[in-house]
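Trainee: I have a new chain to study today. May we go through it together?
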Amino acid sequence: MCQATTTTGGPALSTQSRLARRLIQLYVGLALYGASSALLVEAGLGLEPWGVLHQGLAELTGLSIGVVSIIVGAAVLLLWIPLRQRPGLGTVSNVFVVGIAMDATLAAVPATHGLALRIPLMLAGIVLNGVATGLYIAAHFGPGPRDGLMTGLHRRTGRSIRLTRTAVEVAVVITGFVLGGTIGIGTVLYAVSIGPLAQLFLRVFAVPPASDGSTVVATGQPRGAILRP
């Protein structure tokens with residue numbers, strides 16, 4: 001009996017197997033995203049844009065950075081209502097899983113001192129973030145709250161994704177920095193490398209189509225979704 005194959009020559013998956021793989025990718029990707037953000041926090045050499053805001057708010061409120069991430073994610077998700085964005089399973093899961101994984105990783109990783117350890121930790125955090133982004137986005141369960149905000153603003157205002165993303169993230173970084181968030185070489189390296197890394201791992205973790213040609217839950221994402229939860 002011949003095995004079903006995809007158009008690229010790889011084996012096709014049954015509908016059930018494909019859904020199971022997508023769910024595993026979603027939650028592993030979100031957990032690794034939270035872990036990667038925690039590594040950047042521990043390295044102390046600069047965070048990703050939203051991480052700067054989360055850290056600044058954590059400094060201001062005394063809450064853990066993971067809890068702040070959950071609160072900010074939920075607040076951003078409320079902004080989807082006037083933008084008429086529709087959340088998926090990945091959107092709602094993103095709000096909680098990333099923050100929980102971040103706090104758990106920070107509790108497990110010992111304090112790091114000295115550049116000889118902090119630089120590799122920063123680089124590991126950036127690369128792991130790319131892996132996590134590829135896993136999460138390739139699962140096709142909807143964008144994260146923050147990316148959905150940017151694509152929603154793009155659709156409502158007619159401005160380009162690049163412009164809306166830049167405007168939002170600049171505002172987020174400045175606000176977070178004023179509140180005490182960390183900006184540094186890690187912030188710059190993240191900004192220039194996350195796109196290529198995410199694109200690479202999106203190809204690596206692409207889910208083959210179902211062998212019976214059917215589709216399952218919420219496979220779509222908004223047009224032009226940004227490569228980050």
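Mentor: Let us begin with a term: accessible areas come from the Shrake-Rupley method with a 1.4 Å probe. Please also note that this is a predicted model.

Trainee: How much area does the chain expose, then?
Mentor: The chain exposes about 11100 Å². Carbon and sulfur atoms supply 68% of that area.

Trainee: And what share of the residues is buried?
Mentor: Of the 229 residues in the chain, 46% are buried.

Trainee: How many helices and strands are there?
Mentor: There are nine helices and zero strands. Read from the N terminus, the elements therefore run α-α-α-α-α-α-α-α-α.

Trainee: What about contacts along the sequence?
Mentor: Consider contacts between residues at least 6 apart in sequence: 84% of them join residues at least 24 apart.

Trainee: Let us turn to α2. Which of its residues are buried?
Mentor: The buried residues of α2 are Pro 49, Trp 50, Gly 51, Val 52, Leu 53, His 54, Gln 55, Gly 56 and Ala 58. They pack against α1 (15-43), α3, α7, α8 and α9.

Trainee: What span should α2 have, and how far apart are its ends?
Mentor: With 13 residues at 1.5 Å each, α2 should span 18 Å. Its end C-alpha atoms are 19 Å apart, which agrees.

Trainee: What follows α2?
Mentor: Gly 62 follows α2, and the phi of Gly 62 is positive, near 85°.

Trainee: Now α7. How does its span work out?
Mentor: Helix α7 covers residues 145-157, and its 13 residues should span 18 Å at 1.5 Å a residue. The end C-alpha atoms of α7 are 18 Å apart, so expectation and model agree.

Trainee: Which residues of α7 are buried, and what covers them?
Mentor: Pro 145, Arg 146, Asp 147, Gly 148, Leu 149, Met 150, Thr 151 and Gly 152 are buried. Their cover includes α2 (49-61), α3 (65-78), α4 (80-83), α5 (89-108) and α8 (161-179).

Trainee: Which residue has a positive phi just after α7?
Mentor: Gly 158 does, with a phi of about 80°.

Trainee: One more residue: where does Gly 195 lie?
Mentor: Gly 195 is part of helix α9, which comprises residues 185-204.

Trainee: Why does Gly 195 count as partly exposed?
Mentor: Its relative accessibility is 31%. Partly exposed residues fall between the 20% limit for buried and the 50% limit for exposed, so Gly 195 belongs there.

Trainee: And how far is Gly 195 from Gly 130?
Mentor: Their C-alpha atoms are separated by 8.0 Å, while the two residues are 65 residues apart along the chain.

Terms used
Residues numbered from 1 in each chain as written. Predicted model: local features only at pLDDT ≥ 70, side-chain atom pairs only at ≥ 80, totals over all residues. Heavy atoms only, no water. Helix = DSSP H or I, 4+ residues; strand = E, 2+ residues; numbered from the N terminus. Buried < 20%, exposed > 50% of the residue type's maximum accessible area, 1.4 Å probe, protein only. Expected span 1.5 Å × (residues − 1). Contact = heavy atoms within 4.5 Å.
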